[in-house]
Each structure stands twice: as C-alpha cells, then as structure tokens.
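Q: I would like a close look at a single part of this protein, taken slowly and explained for someone in the first year of study.

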Amino acid sequence: MKPFHAHACRLFLVVLAALVTSTAAGCFSSSSSGPELAEVSGVVTMGGTPLPNIQVLFEPEADAGTSRGTSDAEGKFKVYYPTNSLGAVPGKHRVQFQLMDADAGKDIVPKRFAVGSPGIPVDVTATGPNEFSFDLAQK
C-alpha cells in the first residue's frame, strides 16, 4: 500500500470512529429534560387493613405535575410523574386518594382525603427515604 493511501485510510477510520461515537452518545444519552424526581412509595390502609385499587395523588405546591400511583392488593404503591418516570418532585405536597374499582358499590375514601379535598400534607425530600403510611381511618 502506498503511504498516501495508508494515511488516508487511517484518517478515514479515525473520522468514522468519531462519528459513530458521537452518534451513539446522542442516541443512548440518559439526560432528561424533566424535573428532578425523588422516589416515593408507601402503603394505604383503612383501620390497618390494606386498601387495594386506591389511586394516590401527590399534588406539589411547586409548579410541577401531579405524581400518582395505584395501591396493589397489599395496599402498597409507588408514584409516577406524568412522563411515566418513577417519583415525585421534591417539596411539599398534598396527598389525595381516589377509589379506582368500578365494581365497588360505594366509595370508601373519606371525603376529607378525596380528590379536591385539602388532603394530607407531606414533604418529599430529594434524599429520601420517602415511604409513607396512610391509614385513612385514623387521620
């Protein structure tokens, strides 16, 4: 191989490697344009009995979206930010609840905790842990 061709070939490989690396970095970058989120989880009970199918809404005082999650058979929940990201924005929130079971005859969520009520005030911290227990019969 002539020296010029060898040099051109090496230069082409270097440019190709740089192009592939920058393209891959742009495609697989984990940067997000959303707000900082803190993981939030907990359990919802009524007099100590787990409440399934309860939507738990964390409405922030800050100008941000409401995070929500639904309790499972054990009353456990995790909340998700509107973009389906796990967590809620750090800061003060009002927590409200809504029964999500269409077959339930009567809404068991007390009105003082239902959607549209003042809810329960909580503080979500950036460092956590943000595990909350809500007994809707006691508060």
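In which sense do strands E1 and E2 pair, and over how many bridges?

A: In this predicted model, strand E1 and strand E2, which covers residues 49-50, pair in the antiparallel sense, and 2 bridges join them. Within this pairing, Thr45 of E1 stands opposite Pro50 in E2. The hairpin that E1 and E2 form has 2 residues between the strands, and in this hairpin Gly47 takes a positive phi near 65 degrees.

Strand E1, which spans residues 41-46, has further partners to consider. It runs antiparallel to strand E5, made of residues 76-78, and 3 bridges join these two strands. With strand E10, residues 131-135, E1 pairs in the parallel sense, over 5 bridges. Val43 is a useful residue to follow here, since it has a bridge partner in each of these strands: Lys76 in E5, and Ser133 in E10.

When you look at a strand such as this, it helps to keep a general point in mind. In a regular strand, the side chains alternate between the two faces of the sheet.

A careful reader should also ask how confident the prediction is. The mean pLDDT of the protein is 83, with 76% of its residues at 70 or more. Over residues 19-31, however, the pLDDT is below 50, and this stretch has 0 contacts in the model beyond near neighbours in sequence.

Definitions and conventions
Residues numbered from 1 in each chain as written. Predicted model: local features only at pLDDT ≥ 70, side-chain atom pairs only at ≥ 80, totals over all residues. Heavy atoms only, no water. Pairing = 2+ DSSP bridges. Helix = DSSP H or I, 4+ residues; strand = E, 2+ residues; numbered from the N terminus. pLDDT = per-residue confidence, 0-100. Contact = heavy atoms within 4.5 Å.
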